[in-house]
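Grab your viewer and a pencil: here are some short exercises to work through. Each one sets a task and then walks through a solution.

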Amino acid sequence: MPSLYVHVPFCLQKCDYCAFYSHALQESSQRLISLYLEGLEVEVARRQKDAPQGVSSLFIGGGTPTALSLENLERLMKLITCHFSCAEGAEKTVEGNPGTLSQDKLALLRRYGINRFSLGVQTFNDQLLKSVGRVHTARQAREAIGLLRAEGFKNLNLDLMFGLPKQDLVSWQMSLEEALSFRPEHLSLYGLMLEEGTPLYERFGPEQAPKDGLEFSQALSAGEHCGELPDDDLQAVMQEWAVQRLEKAGYVHYETSNFALPGFECRHNLGYWRGEEYLGLGPGAVTCLQRVRQKNVEDVRSYLSSLLKGKEPLDEEGQEVLSLKECMAERMILGLRLREGVNFTKFRQDFGVDLRDIYREVLERYSYRDVLEIKGDNLCLNSKYVFISNMILQEFV
């Protein structure tokens with residue numbers, strides 16, 4: 001039974017760090033929303049056959065799904081629920097941003113069975129919000145949390161970011177402490193990533209590095225690049241402090257960037273990290289079934305046109321048949337992000353080989369240095385090395 005992700009490519013305004021496919025809402029966008037929903041209606045009917053037993057979880061993301069009007073949001077929910085049933089007790093999540101929520105919208109989502117909400121707060125500091133192009137305020141974030149609780153959401157995730165321009169340790173600590181004051185069931189903490197094609201990349205990317213011979217990373221550490229981005233050492237301190245603070249507050253650090261009160265780990269995302277199958281609907285969404293991965297085109301009109309012609313709405317790369325080696329590498333890279341790590345028995349069941357034979361050299365090198373640990377039937381990444389995990393995990397490619 002696969003999980004289901006539905007992409008809604010519309011926002012009030014595109015954030016300066018965002019590389020996801022989305023459109024800023026304007027008056028001219030109303031026609032584009034209609035075209036999107038028309039295409040989605042065709043795709044959900046066609047892909048229903050890929051989940052005959054239903055789906056294990058539902059995640060509606062974007063973009064900002066709650067930026068849709070009440071009427072369009074209901075149309076979206078009807079399309080999904082009419083074609084896909086969810087397993088009993090399934091986790092059903094919707095993403096949204098402060099400033100886009102209303103009592104009517106939240107009541108609508110509750111009527112359609114949404115039982116988890118992920119709110120993009122990022123920071124409770126208004127100046128920092130402006131520095132990355134967020135259109136909401138800290139006050140709106142507080143109001144949104146109040147609305148969600150009043151409407152009965154008992155599984156709430158808050159997204160926060162560190163490493164923002166001009167953010168120091170104190171402002172990061174203050175945002176996290178305020179988030180904790182609301183006692184959310186889940187917290188996702190992300191370090192700022194400079195993605196090509198985004199305004200922040202144009203401001204701070206490698207092309208903007210000093211021309212005096214310093215390497216980009218050295219310039220950042222020396223504070224000579226822009227005087228705004230926290231360097232790697234400060235970001236490491238921010239993350240280490242957050243881990244200690246959240247664990248003290250009773251949260252389980254179950255994945256590199258994710259923390260949950262016991263029993264509130266995000267089941268949908270756990271499916272990705274454990275290598276389970278998933279369906280992705282909407283322009284830009286990704287599907288992976290039976291080792292075949294495909295990505296929909298990132299264009300609403302092309303998406304709809306392909307569907308109306310009876311074709312798959314795929315991007316230029318089309319379908320990708322994953323080799324056994326690629327599947328094993330992904331299992332290791334994603335699985336080691338989890339606190340539970342990669343299970344030896346399940347790896348052998350899924351791939352017919354022992355991961356200790358396939359990755360013997362890497363395991364020996366990093367186990368000797370205490371980076372990788374064997375705990376029972378699982379291989380785990382030592383939590384001390386979480387901040388540099390990406391560098392370590394590339395060894396499995």
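**Exercise 1. Size up the second largest pocket and find what sits around its centre.**

Step 1: start with the volume, which is about 500 Å³ for the second largest pocket.
Step 2: go to its centre; 23 residues line this pocket, and the closest to the centre are Val243, His253, Ser383, Lys384 and Val386. Keep in mind that you're working on a predicted model.
Step 3: sort the lining by class, and you get 9 nonpolar, 6 polar and 8 charged residues.
Step 4: trace the lining back to secondary structure. At least two residues each come from α9 (232–248), β9, β16 (372–375) and β17 (378–381). The largest share belongs to α9, with 6 residues.

**Exercise 2. Look for enclosed space and describe its walls.**

Step 1: the idea behind the search is simple. Rolling a probe the size of a water molecule over the atoms shows where empty space is left.
Step 2: count the hits; searching the whole structure turns up 1 cavity of 30 Å³ or more.
Step 3: get its volume, about 40 Å³ for the largest cavity.
Step 4: list the walls. Met1, Pro2, Ser3, Ser56, Gly271, Tyr272, Glu276, Glu277 and Tyr278 line the largest cavity.
Step 5: classify that lining, and it splits into 4 nonpolar, 3 polar and 2 charged residues.

**Exercise 3. Decide whether Glu255 and Asn258 are buried or exposed, then work out their polar partners.**

Step 1: place the two residues. Glu255 belongs to strand β9 (residues 252–255), while Asn258 is in strand β10 (residues 258–260).
Step 2: apply the cut-off. Glu255 has a relative accessible area of 2%, so it counts as buried. Asn258 also comes in at 2%, so it is buried as well.
Step 3: check whether the two meet. Their side chains make a polar contact at 2.6 Å.
Step 4: look for further polar partners. A polar atom of the Glu255 side chain lies 2.8 Å from the backbone nitrogen of Ser257, and the side chain of Asn258 has a polar contact of 2.5 Å with the side chain of Ser188.
Step 5: widen the view to general contacts, skipping residues up to four places away in sequence. Glu255 touches Trp273, Arg337, Leu338 and Arg339. Asn258 is in contact with His186, Leu187, Ser188, Tyr190, Val252, His253 and Trp273.

**Exercise 4. Characterise Val135.**

Step 1: locate Val135 in the loop between α4 (126–131) and α5 (138–150).
Step 2: read off its relative accessible area of 42%, which means Val135 is partly exposed.
Step 3: list contacts beyond four places in sequence: Leu12, Gln13 and Gln140.
Step 4: take a distance across the model. Val135 and Leu381 are 37 Å apart, C-alpha to C-alpha, with their positions 246 residues apart in sequence.

**Exercise 5. Test the whole chain against the compact-globule rule.**

Step 1: get the expected value. For 397 residues, a compact globule would have a radius of gyration near 21 Å.
Step 2: compare; the chain has 21 Å, so it agrees with the rule.
Step 3: add the box, roughly 55 × 55 × 45 Å for the C-alpha atoms along the principal axes.
Step 4: check burial, where 51% of the 397 residues count as buried.
Step 5: look at contact range. Among contacts with a separation of 6 or more, 69% are between residues 24 or more positions apart.
Step 6: finish with the secondary structure, 16 helices and 17 strands.

Notes. Residues numbered from 1 in each chain as written. Predicted model: local features only at pLDDT ≥ 70, side-chain atom pairs only at ≥ 80, totals over all residues. Heavy atoms only, no water. 1 Å grid on protein atoms, 1.4 Å probe; cavity = no way out; pocket = protein on both sides within 12 Å on 5 of 7 lines; lining within 4 Å. Points joined across faces, edges and corners; volume = space filled by probe spheres on them. Nonpolar A, V, L, I, M, F, W, Y, C, P; charged D, E, K, R; others polar. Helix = DSSP H or I, 4+ residues; strand = E, 2+ residues; numbered from the N terminus. Buried < 20%, exposed > 50% of the residue type's maximum accessible area, 1.4 Å probe, protein only. Polar contact = N/O pair within 3.5 Å; in protein donor to acceptor, adjacent residues only side chain to side chain. Contact = heavy atoms within 4.5 Å. Rg over C-alpha atoms; globule rule 2.2 N^0.38 Å.
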